[in-house]
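Colleague: I'm new to this one, could you walk me through a few places in it?
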Amino acid sequence: MNQTAKIISQAKKEGRKTLLETEAKLICSEYGIPVTKFSLAKNEKEAATQADQIGYPIVLKIVSPDIIHKSDAGGVIVNIKTSAEAVAGYKKIVENAEKYKPDAKIAGVLVQEMAPQSTEVIVGAVKDPQFGQTVMFGLGGIFVELLKDVNFRVAPITADDAKDMITQLKAYPLLNGYRNAPPADIDALVSILCAVSRLIMDYPEIKELDLNPVMAYPKGAKTVDARIILE
Ligand code: ADP
Ligand code: MG
């Protein structure tokens, strides 16, 4: 059995609907979606060793089936630059999580490569009761939340569909080299959208998928956070 099928069936067995970021990113990798390097630390010493291995700066994040929005729980620390900071960060994140939700199960802390800042985009999927699996694309932050500048297509989509979803956004100029922003690698984004489409067609039990954010670079793109919810 492949990795994706294993992860999904394991979650079902445990009665979990939300996959952990580690699980969602492993699935992304299997579908060819670029993600940040990561490893799961079970204690502060492991956090320091893994941070040394990945290379600084790194990001630490809470991994808990009971915490979906990690920053709300004080569960994300970016720009950690030394192993001493990694140790302190591990403690702080676990402490914050315990305060936020005293009965939360904590699987550990995710140590991950810090992706350089760039234009943030969101790739999503939702299962619509009427249309079935749909793919979504938009720019991060206010563009999605405030301006609702997003495009949807019913899956499966072709590369041309994906390209239309991107270029038909009102904010598209921001991906095309507006002022001092470097142009984004549109082909890399097209390839992520097509991979998400394949994934949700292969696994109709995926109810929601959120790659938020994906950093769009002049060459390539990288998924920084991934969430998958099963029905
Ligand atoms: P959540 O959405 O659950 O609160 P995220 O994993 O999206 O948590 O982290 C919150 C924010 O921290 C992201 O939107 C991003 O700006 C930043 N961030 C998280 N992980 C990384 C990373 N590996 N590299 C760079 N920035 C990151
Ligand atoms: Mg996020």
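Modeller: What follows is a short tour of a predicted model, taken one site at a time.

Colleague: Let's start with the metal, then: which residues coordinate the magnesium ion (ligand 2)?

Modeller: The magnesium ion (ligand 2) is held by an O atom of Asn 212 and an OD atom of Asp 225, at 2.2 to 2.4 Å.

Colleague: And where in the chain do Asn 212 and Asp 225 sit?

Modeller: Asn 212 belongs to strand β8 (residues 206-216), while Asp 225 is in the loop between β9 (221-223) and β10 (226-230), so that the pair, 13 residues apart, links distant parts of the chain.

Colleague: Is Asp 225 buried or exposed?

Modeller: Asp 225 counts as buried because its relative accessibility is 10%, and the cut-off for buried is under 20%. Asn 212, at 28% relative accessibility, counts as partly exposed.

Colleague: Changing topic, where does Glu 113 lie, and what does the side chain of Glu 113 reach at 2.7 Å?

Modeller: Glu 113 is in strand β4 (residues 108-113), and its side chain reaches the backbone nitrogen of Lys 37 at 2.7 Å. The side chain of Glu 113 also makes a polar contact with the side chain of Lys 222, at 2.6 Å.

Colleague: Why is Glu 113 called buried?

Modeller: Glu 113 has a relative accessible area of 16%, and therefore falls under the 20% cut-off for buried. Leaving aside residues up to four places away in sequence, Glu 113 touches Thr 36, Lys 37, Ile 54, Pro 57 and Lys 222.

Colleague: Thr 36 is on that list, so which side chains does the side chain of Thr 36 make polar contacts with?

Modeller: The side chain of Thr 36 makes one polar contact with the side chain of Lys 25, at 2.8 Å, and another with the side chain of Gln 112, at 3.5 Å. Thr 36 sits in the loop between α2 (21-30) and β1 (38-41), and with 1% relative accessibility Thr 36 counts as buried. Among the other residues that Thr 36 touches are Ala 115, Thr 223 and Val 224.

Colleague: Last thing, the helices: how do α6 and α7 cross?

Modeller: The axes of helix α6 (residues 159-167) and helix α7 (residues 186-202) come within 9 Å and cross at roughly 120°, and the crossing is right-handed. The residues making the contact include Ala 162 and Met 165 of α6, together with Leu 189 and Leu 193 of α7.

Colleague: How many of the residues in that contact are nonpolar, polar or charged?

Modeller: Nine of the residues in the contact of α6 with α7 are nonpolar, none is polar, and one is charged.

Note on methods:
Residues numbered from 1 in each chain as written. Chains lettered and ligands numbered in written order. Predicted model: local features only at pLDDT ≥ 70, side-chain atom pairs only at ≥ 80, totals over all residues. Heavy atoms only, no water. Donors = N, O, S within 2.8 Å, 3.2 Å for Na, K, Ca; no water. Helix = DSSP H or I, 4+ residues; strand = E, 2+ residues; numbered from the N terminus. Buried < 20%, exposed > 50% of the residue type's maximum accessible area, 1.4 Å probe, protein only. Polar contact = N/O pair within 3.5 Å; in protein donor to acceptor, adjacent residues only side chain to side chain. Contact = heavy atoms within 4.5 Å. Axes fitted to C-alpha atoms, helices over the stretch in contact; angles between N-to-C directions. Left-handed = near helix turned anticlockwise from the far one by under 90°. Nonpolar A, V, L, I, M, F, W, Y, C, P; charged D, E, K, R; others polar.
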